[in-house]
Structures are given as structure tokens and as C-alpha cells.
Amino acid sequence: MTPSSRLSDLLPALGGRTLVMGILNVTPDSFSDGGLFAGEAEAVTQAERLVAEGAAILDVGGESTRPGHVPVPAEEEQARVVPVIRAVAPRLPVPISIDTYKASTARVALEAGARIVNDVWGLQREPDIATVAAAHGAPVIIMHNRETIEPDLDIVADMLAFFERSLAIAHRAGLVDSEIVLDPGVGFGKTWNQHLDALRRLPEIRALGFPVLVGVSRKSLLGRLHDRETRPADRLHGSIAAHAVAATLGADIVRVHDVAAHIDAMRVVDAVMRPEAR
């Protein structure tokens, strides 16, 4: 039987409180945790830890998307993610999302037990990925991205146009609006000021009527606000602050490396902004 495609079935708390998505990079070169969970045993242990800390979704990725990353063939990406998904999907009480823009990787990941497709190119790099998601009853996360950085661009206007194109692809594939989440892509294809503007103007994205995901965890744009050099792991406080702002401005999901700390922070935000969630 095809799993339900409704986000409300996979994530019954969506909209009632800010959900925390835990990041599991099974890559050798991700900017923050590359190599730490590349082995299957280490990845399974980390997956279990993130869920035990309160993650509502586990986001598994097999190709780094950091600036300057080297793309990997689909076969290599799949060899990284599929064994981990097969190992953890039956034992975890939360849905797994596959972080990929490749239709073939999305297909094998969904067959292995993933339930959501998280596409950093918003269905536009390989539009067949939308058809794959629809065939498997999988919701999609559509992230804004750009090939080039244009400092004078109105980045939110660009997002709105980008999402219009992505939504058309999704609808043609048979996905309906209740199966779609939008992500402004903070940290991707933007100047530092555009990153901040994307967060500041989040209500304009939220006004489209879709749940919104924001991921700023440990990113270098946060490091620019410190008065010292920082490693990604040193940016926890900035990550929490950015996600608290995002949740206050309408984000429904935050994508993070540090789940436990964000669970505590989002409870405070929700107590103020979503008192019905208490």
C-alpha cells in the first residue's frame, strides 16, 4: 500500500509547534560534520541519538552541498544513503527525508524507507524528482537556490518567482499543496545581506500558504557576526538565535545539527508565539 502523502499524517504536530529536523550527513566532506558519520554503524548511532533528543524528522544526505563541493555520481550518493536508511527506517518513530536533487537517488531512498524528498534545487535541477515523489506518496521540501550570486537582486522577489516555477513542476507531477514545504535556502546562492534579508522577510514566503523550513545551522554566514574566527561547531549560539528569529517570523520546521539545544530553544519560542502548543 502506498504510504499517505499528507504531511499532517507524517508530522501530526506540524503547525502546532516548531518542529526540529535533525541533520545526518553520511558524507566525507560536509562543511560541519563531514566524515563523522560516513560509516553505517556511526550513522545509525547518530540517527538514534538525534531522534532520542527530540528530532521530528531525520534528514539523510549523501552529497555535500557546501560552497565549492565536488558533486558525486548518483551511484556513490546512493551507496552512502541507502544502507543507512534501510537500517534506521524500521527502528525510528519519525519520518526520514532524503536530501538530494537527483531523481534516481530519491527513488531508491524512498524504496529503502525514506518518506519525504528534500530537494536543494527546488525540483528544478531534475524535474523528474517530483514525479518520483508523487509516485511514492512522498511530500517534498522545495528549497530556493541560485547558480550565481547577484548582489543587487531583490532576493525575496527572486524566491517568489523560483517557487512559482517549482510549484508548477510539482503540480504537473501530481503533487498537491498539502504535500509541499518551502525553504528560503539561507546559505545558498546569496550574499550575506541577502541571507539576512531572506530571514527578515520570511513572512512574505509564509504568506504563500505553505509550511516553511529554515536551515541556518552552523553556517558560515553566522561566523561573520562573531568577533573571532569560528569553526562550524562553535556556532551553536548563533544557530539557535537565527532559528528562534525564523520561528518567530513563521518557520514551522528548523533543520539543525544540534537537536537537544534547539528543542529547548523552540519550546521557549513556542510558549510565547504559539501558546496553544504548551
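In the predicted model, helix α6 comprises 19 residues, which at 1.5 Å a residue should span 27 Å; the C-alpha atoms at its two ends lie 27 Å apart, in agreement with that expectation. The buried residues of α6 are I155, V156, D158, M159, F162, F163, S166, L167, I169 and A170. Viewed down the helix axis, these buried residues fall within an arc of 165°, so they line one face of α6. E164 and R172, on the other side of the helix, are exposed.

The buried residues of α6 pack against three helices and two strands, namely α5 (128–135), α7 (192–200), α8 (202–206), β5 (140–143) and β6 (180–183). At the start of α6, a side-chain oxygen of D154 comes to within 3.2 Å of the backbone nitrogen of V156. Just after the helix, G174 adopts a positive phi of about 105°.

In soluble globular proteins, nonpolar side chains tend to be buried together. The largest nonpolar core of the model holds 71 residues, and the members touching the most others are L58, I85, V117 and I142. Helix α6, residues 155–173, is the greatest contributor to this core, with eight residues. A separate core of 12 residues includes L7, L10, L19 and I57.

Beyond its neighbours within four places in sequence, I142 contacts F162, F163, S166 and L167, each of which is among the buried residues of α6. The other contacts of I142 under that criterion are with D119, G122, L123, I180, V181, L182 and D183.

Notes
Residues numbered from 1 in each chain as written. Predicted model: local features only at pLDDT ≥ 70, side-chain atom pairs only at ≥ 80, totals over all residues. Heavy atoms only, no water. Core = buried A, V, L, I, M, F, W, Y, C linked by side-chain atoms within 4.5 Å. Buried < 20%, exposed > 50% of the residue type's maximum accessible area, 1.4 Å probe, protein only. Helix = DSSP H or I, 4+ residues; strand = E, 2+ residues; numbered from the N terminus. Contact = heavy atoms within 4.5 Å. Expected span 1.5 Å × (residues − 1). Arc of directions from axis to C-beta. Polar contact = N/O pair within 3.5 Å; in protein donor to acceptor, adjacent residues only side chain to side chain.
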